[in-house]
Amino acid sequence: MDTVSTRAAPRPAMPALSPVAIRVLIILAAVAVWEIAARSGLFYHGVFPSVLKIVAALWALLSSPTFYWHLSVTAGELVLAILFGGVSGAVAGYFLGVSHYLSRVFEKYVYYISATPKIIFLPIVIIWFGVDSGSKIGLGAIAAFFPVCLNIASGVRSVNPVFLRVGRSFKATRGQMIAKIYLPAIRGAAINAARLGLAVAIISVLLAETKLAKNGLGYLVTQAFNKYDMPTMYALIFFIFIVSVAINTVMIRMGGEGDSGSSF
């Protein structure tokens, strides 16, 4: 007599939440935990202000013309820091990438200094540029130089040698080699270098503004802390965080998947 084995039918798999839904849930959970902490009475008054108070403080900031003046100061300092530090870092990285000799001589110094907290250079840039915007721009430029330099050097060294030989066979000038071969080939590395340079420049400029500035977002954070205006301080930090994330997202979109080819 044949025995027929019966197996239980598999249960339908539960639909998995999308990554976006999980991120939203994490944010909502974090907001809920914050609000619970604010209302618990377990912490010193003002340490965890209510989310509603932070939102109200953020609205007050965004409604104030003075806030936009401080924002423009920080944005101007950041743009100049990225311009000076990024351009000089890209040029230095290019020469380190194309010259094995220069790389052997100088690249280790770049690595060593890159790992140094850039805030220690603040007294030096104050001596050089004074206590106004020059010192903030200088510190941001120093911070941006190193990640840009190292990433560009790595990208240049990764360019397909076949493209370089083709360029030389056509007797391309250095400018043509950079425009037609190197730039298209290192697009991904350049975007990554710009992202890292921007991140450390933002940190350095804001840190410098918290020390001795009389304007800028870092100055506003320090003023709110000194006045123990915690909702405003958290609102400023949240605003800076959101802007930084938005800029980083735009740069990732610009980078795409990166290119490995050449338009030569």
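How many of the 25 residues of helix 6 are buried? In this predicted model, the number is 20, and helix 6 is accordingly described as mostly covered. The helix comprises residues 133-157. Its length was checked against the rise expected for a helix: at 1.5 Å a residue, the 25 residues should span 36 Å, and the end C-alpha atoms of helix 6 are indeed 36 Å apart, which agrees.

One residue of helix 6 serves to illustrate its surroundings. Val-148 lies in this helix and has a relative accessible area of 8%. Because buried residues are those under 20% relative accessible area, Val-148 falls in the buried class. When neighbours within four places in sequence are left aside, the contacts of Val-148 are Gly-86, Gly-89, Ala-90, Ala-193 and Gly-197. Val-148 is also separated from Ala-194 by 46 residues in sequence, while the C-alpha atoms of the two are 6.4 Å apart in space.

The packing of helices was examined next. Two packed helices are described by the angle between their axes and the distance between the axes. Helix 6 packs with helix 5, which covers residues 122-129; the two axes come within 8 Å and cross at roughly 130 degrees. Helix 5 and helix 6 are therefore oblique to each other, and their crossing is right-handed. On the side of helix 5, the contact is made by Leu-122, Val-125, Ile-126 and Phe-129, and on the side of helix 6 by Gly-134, Ser-135, Gly-138, Leu-139 and Ile-142.

A second crossing involves helix 9 (residues 187-212) and helix 10, whose axes come within 7 Å and cross at roughly 50 degrees. This angle makes helix 9 oblique to helix 10. The crossing of helix 9 and helix 10 is right-handed. Leu-206, Glu-209 and Thr-210 of helix 9 make the contact with Leu-217, Gly-218, Tyr-219 and Thr-222 of helix 10.

For helix 3 (residues 65-98) and helix 8 (residues 174-185), the axes are 14 Å apart and the packing angle is about 95 degrees. Angles of 65 to 115 degrees count as roughly perpendicular, and helix 3 and helix 8 are therefore assigned to that class. Tyr-94, Phe-95 and Val-98 of helix 3 meet Arg-174, Ile-178 and Tyr-182 of helix 8 in this contact. Helix 8 also holds Ile-181, which is buried, with a relative accessible area of 0%. Between Ile-181 and Ser-158 there is a separation of 23 residues in sequence and of 12 Å in space, C-alpha to C-alpha.

Aromatic side chains were then considered. A search of the whole structure yields eight aromatic pairs. One of them joins Trp-34 and Phe-48 in an edge-to-face arrangement, with 4.8 Å centre to centre and 70 degrees between the planes. This pair links distant parts of the chain, since Trp-34 belongs to helix 1 (residues 19-40) and Phe-48 to the loop between helix 1 and helix 2 (51-62), 14 residues apart. Trp-34 counts as partly exposed at 24% relative accessibility, and Phe-48 likewise counts as partly exposed at 25%. A further edge-to-face pair is formed by Phe-67 and Tyr-68, with 5.4 Å centre to centre and 75 degrees between the planes. Here Phe-67 is buried at 2% relative accessibility, whereas Tyr-68 is partly exposed at 40%. Trp-34 and Phe-48 also belong to one aromatic cluster together with Tyr-234.

Helix 1, which carries Trp-34, was subjected to the length check as well. At 1.5 Å a residue, its 22 residues should span 32 Å; the end C-alpha atoms of helix 1 are 31 Å apart, which agrees. The residue that follows helix 1 is Gly-41, whose phi is positive, near 80 degrees.

A positive phi is also found at Tyr-228, in this case near 55 degrees and in a residue other than glycine. Most residues other than glycine have a negative phi. Tyr-228 is placed in the loop between helix 10 (217-226) and helix 11 (230-255). At 39% relative accessibility, Tyr-228 counts as partly exposed.

Note on methods:
Residues numbered from 1 in each chain as written. Heavy atoms only, no water. Phe/Tyr/Trp six-rings, centres within 6.5 Å; stacked < 30°, edge-to-face > 60°. Helix = DSSP H or I, 4+ residues; strand = E, 2+ residues; numbered from the N terminus. Buried < 20%, exposed > 50% of the residue type's maximum accessible area, 1.4 Å probe, protein only. Expected span 1.5 Å × (residues − 1). Axes fitted to C-alpha atoms, helices over the stretch in contact; angles between N-to-C directions. Parallel < 35°, antiparallel > 145°, perpendicular 65-115°, else oblique. Left-handed = near helix turned anticlockwise from the far one by under 90°. Contact = heavy atoms within 4.5 Å.
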